[in-house]
Amino acid sequence: LLALILCFSMSFNVLAATSGDSVQAGDTKQLRQQIKEVNTYLQEHSAPIDIKEQSIKYDIPLSDGTTAKYTLSLTQLAQSRTIMDAKVGIWNFDSDLSLPLHGSIKVRTTVNIREVPSAPGGFIRFSAYDGSVSAIPAQYCTVDKTSATTNVVYADIWYDTTGYVGFLVNGLAANVYFTQTISFVDNQENYNKIQCYLNYDM
């Protein structure tokens with residue numbers, strides 16, 4: 001009888017562990033799919049932006065029936081007093097993504113816009129620095145670690161802030177990597193605009 005009880009107990013523990021692993025794997029797979037769909041949506045809907053204080057909001061429908069929310073915000077911190085161009089100065093570029101069931105990620109890069117051409121033929125010139133990331137986990141998730149670094153791709157015209165958020169989804173590690181790109185658009189039609197887009201990966 002004791003042997004029968006032990007066998008039953010061991011079988012139950014194995015079944016419970018397998019079931020838990022299956023739930024964790026499913027959560028991670030869902031997060032990966034959501035990120036893939038967010039990337040596709042943003043690639044198809046992002047456009048050059050005017051340099052002005054604004055928030056651009058996207059509601060992103062996902063295949064699991066939920067909706068991700070993405071917001072790109074530009075906030076001016078300081079403006080040059082010697083150049084009469086409201087676009088010149090120091091700005092925060094904030095990219096906020098809220099993923100259903102997992103939480104939100106906010107990436108911020110500070111951008112010092114030094115020169116905006118007044119006619120086609122020139123390039124907008126700026127520097128970017130102080131990249132940072134913060135995250136708020138949803139229920140049943142926690143944030144283990146975060147990292148963000150701003151790097152020069154092409155001096156004065158293109159910078160990337162890269163890093164990751166280490167989510168724990170039901171105890172299973174699920175790192176979400178990101179690249180926030182801030183760059184010139186072109187020196188013709190969009191000579192006085194800038195582009196900022198975010199790409200995610202796992």
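User: In what order do the five strands form the open sheet?
Analyst: This is a predicted model. Its open sheet holds five strands with antiparallel pairing. Read across the sheet, the order is 1-2-3-4-5.

User: Which are the edge strands?
Analyst: An edge strand here pairs on one side only. That applies to two strands, one covering 54-61 and the other 125-137. They are strand 1 and strand 5.

User: By how many degrees are neighbouring strands of this sheet turned against each other on average?
Analyst: Direction is ignored for this angle. Antiparallel neighbours are therefore not counted as pointing opposite ways. The average turn between neighbouring strands is 15°.

User: How many bridges join strand 3 to strand 4?
Analyst: Strand 3 spans residues 89-99, and strand 4 spans residues 103-115. The two run antiparallel. Two strands count as paired if there are at least two bridges between them. Here the number of bridges is eleven.

User: Which residue in strand 4 stands opposite Ser-98?
Analyst: Strand 3 takes in residues 89-99, with strand 4 as its antiparallel partner. Opposite Ser-98, in strand 4, stands Ser-104.

User: How is the pair of Tyr-58 and Tyr-70 described: stacked, edge-to-face or tilted?
Analyst: The structure has six aromatic pairs. In this one, the ring centres of Tyr-58 and Tyr-70 are 5.9 Å apart, and their planes meet at 35°. Under 30 degrees would be stacked and over 60 would be edge-to-face. The angle falls between those limits, so the pair is tilted.

User: How many residues apart are Tyr-58 and Tyr-70?
Analyst: Tyr-58 sits in strand 1, while Tyr-70 sits in strand 2, residues 67-79. The pair links distant parts of the chain. Their separation is twelve residues.

User: Is Tyr-70 buried or exposed?
Analyst: The cut-off for buried is under 20% relative accessible area. Tyr-58, its ring partner, has 16% and is buried. Tyr-70 has 3% relative accessibility, so Tyr-70 also counts as buried.

User: What is the angle between the planes of Phe-123 and Phe-184?
Analyst: These two rings form an aromatic pair, 5.2 Å from centre to centre. Phe-123 is in the loop between strand 4 and strand 5, and Phe-184 is in strand 8, 61 residues apart. The pair is edge-to-face, with a plane angle of 85°.

User: Which residues form one aromatic cluster?
Analyst: Tyr-58 and Tyr-70 have their ring centres 5.9 Å apart. The cluster also takes in another tyrosine. The full set is Tyr-41, Tyr-58 and Tyr-70.

User: How many residues apart in sequence are Asp-94 and Arg-108?
Analyst: Their side chains meet in a salt bridge, with N and O 2.6 Å apart. Asp-94 lies in strand 3 and Arg-108 in strand 4, so the bridge ties together parts of the chain separated by 14 residues.

User: Which counts as buried, Asp-94 or Arg-108?
Analyst: Buried means under 20% relative accessible area. Arg-108 has 29% and is partly exposed. At 5%, the buried one is Asp-94.

User: How far apart are the closest N and O atoms of Arg-114 and Asp-156?
Analyst: Arg-114 lies in strand 4, and Asp-156 is in the loop between strand 6 (141-154) and strand 7 (158-169). They are 42 residues apart in sequence. Their salt bridge has its closest N and O atoms at a distance of 2.5 Å.

User: Which residues are linked in a network of salt bridges?
Analyst: Asp-156 bridges to Arg-114. The Asp-156 side chain also meets Arg-125 in a salt bridge, at 4.0 Å from N to O. Arg-125 lies in strand 5, so this second bridge ties together parts 31 residues apart. The network is Arg-114, Arg-125 and Asp-156.

User: How many strands are there in the protein chain?
Analyst: Along the sequence, the pattern is α-β-β-β-β-β-β-β-β-β. That pattern opens with the one helix. The number of strands is nine.

User: What percentage of the 202 residues is buried?
Analyst: The accessible surface of the chain comes to about 11,100 Å², and 55% of it belongs to carbon and sulfur atoms. The share of buried residues is 38%.

Technical notes
Residues are numbered from 1 along each chain as its sequence is written. This is a predicted model: local features need pLDDT of at least 70, side-chain atom pairs count only at pLDDT 80 or more; totals for chains, interfaces and linings use all residues. Side-chain values use heavy atoms; hydrogens and water are left out. Helices (H or I, at least four residues) and strands (E, at least two) are DSSP runs, numbered from the N terminus. Axes are lines fitted to C-alpha atoms, for helices over the stretch in contact, and angles run from 0 to 180 degrees between N-to-C directions. Rings of Phe, Tyr and Trp (its six-membered ring) pair if their centres lie within 6.5 Å; planes under 30 degrees apart count as stacked, over 60 as edge-to-face and the rest as tilted. Buried means under 20% relative accessible area, exposed over 50%, partly exposed in between (1.4 Å probe, protein chains only). Accessible areas come from the Shrake-Rupley method with a 1.4 Å probe; for residues, only the protein chains shown count as cover.
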